[in-house]
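Colleague: Walk me through this model, please. I'll throw questions at you as we go.

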Amino acid sequence: EAFKKQAERGWLQIYILYLADEPCAFSIGALYRQTFFSEYIGYHLDYASYSLGTYLLSRMMEDFCSEGVEAIDFGSSDEEYKKRFGNVAWRETDLHLFAPSVTGLTISAMKATKVLLHEPARAFLKRTNLFQTAKKLWRKALVKRATTDEPGG
């Protein structure tokens, strides 16, 4: 639905990089008031060592320069390419408010448990320079699961 509205307003931008008629990398976002808001990116894992996403982004930037785009908003998270291509960053955080009730207390405790497990693991992986490796392994596992879940897969 969001893509449909963006397309109707002329904001939707989709870039696809093909190698021998096979899509190998993509970027989807919205161009609004001279700013490109990046929403989704991806690449074919078989070509990961070739940095096709980086190549596609550099070609997009060439187009943006000729079209008068003034900024690219990469969105949240701290991916390596954002550090390489970005020049402005800021920290953001989530604020969760819970009702003063048993249900609110239960949800708060569940959220705190998740944070207590997730954040130290993330910090450890970053400290040991294993964060990107873990993300790649996670993505490969998701792709494998998705392909085995397909009919006939």
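Colleague: Let's start with a turn. Which residue in the turn of the hairpin formed by strand 2 and strand 3 has a positive phi?

Modeller: Strands here are DSSP runs of E with at least two residues, helices are runs of H or I with at least four, and both are numbered from the N terminus. Strand 2 and strand 3 form a hairpin that leaves 2 residues between them. In that turn, the positive phi of about 50 degrees belongs to Arg33.

Colleague: Ground rules, then. What pLDDT do side-chain atom pairs need to count in this model?

Modeller: Residues are numbered from 1 along each chain as its sequence is written, and side-chain values use heavy atoms, with hydrogens and water left out. It's a predicted model, so to speak for the record: totals for chains, interfaces and linings use all residues, local features need pLDDT of at least 70, and side-chain atom pairs count only at pLDDT 80 or more.

Colleague: Back to that hairpin. Which residue stands opposite Ile28 in strand 3?

Modeller: Two strands pair if DSSP finds at least two bridges between them. Strand 2 and strand 3 (residues 35–43) have 8 bridges and pair in the antiparallel sense. One of the partnerships is Tyr32 with Thr35 of strand 3. Ile28, for its part, stands opposite Tyr40.

Colleague: And the other hairpin? Which residue of strand 2 is the bridge partner of Leu17?

Modeller: Strand 1 (residues 12–19) pairs antiparallel with strand 2 (residues 22–32), over 8 bridges. The hairpin they form has 2 residues between the strands, and in its turn Ala20 shows a positive phi of about 50 degrees. In strand 2, Leu17 has as its bridge partner Ala25.

Colleague: What is the handedness of the crossover from strand 3 to strand 4?

Modeller: Strand 3 and strand 4 (residues 71–73) run parallel and are joined by 3 bridges, with Phe37 opposite Asp73. The chain gets from strand 3 to strand 4 through helix 2 (residues 52–67), a β-α-β crossover. With the strands pointing away from the viewer, a clockwise path from the first strand over the helix to the second is called right-handed. This crossover is right-handed.

Colleague: Now the whole sheet. By how many degrees are neighbouring strands turned against each other on average?

Modeller: The sheet is open, with 4 strands in the order 1-2-3-4 and mixed pairing. Strand 1 and strand 4 are its edges, each pairing on one side only. Axes are lines fitted to C-alpha atoms (for helices over the stretch in contact), and angles between N-to-C directions run from 0 to 180 degrees. With direction ignored, the average turn between neighbouring strands is 30 degrees.

Colleague: Why does Phe36 count as buried?

Modeller: Phe36 is found in strand 3. Contact means heavy atoms within 4.5 Å, and beyond its neighbours within four places in sequence, Phe36 touches residues including Ile28, Leu31, Met60, Phe64 and Ile72. Buried means under 20% relative accessible area, exposed over 50%, and partly exposed in between, with a 1.4 Å probe and protein chains only. Phe36 counts as buried because its relative accessible area is 2%.

Colleague: Is Asp73 buried, exposed or partly exposed, and what relative accessible area does Asp73 have?

Modeller: Asp73 lies in strand 4. Outside its neighbours within four places, it contacts Thr35, Phe36, Phe37 and Ser38. Of those, Ser38 is buried, at 17% relative accessibility. Asp73 itself is partly exposed, with a relative accessible area of 31%.

Colleague: How many disulfides does the rule give?

Modeller: The rule wants a pair of cysteine sulfur atoms within 2.5 Å. Cys24 counts as buried at 3% relative accessibility, whereas Cys65 counts as exposed at 64%. The count of disulfides comes to 0.

Colleague: How far does helix 4 reach from its first C-alpha to its last?

Modeller: Helix 4 (residues 102–127) has 26 residues, and Asn129, with a positive phi near 60 degrees, follows it. The expected span is 1.5 Å times one less than the number of residues, which for helix 4 is 38 Å. Close to that, helix 4 reaches 37 Å.

Colleague: Last one. What percentage of the residues of the protein chain count as buried?

Modeller: The protein chain has 5 helices and 4 strands, running α-β-β-β-α-β-α-α-α from the N terminus on. Among contacts with a separation of 6 or more, 45% join residues 24 or more positions apart. Of the 153 residues, the buried share is 18%.
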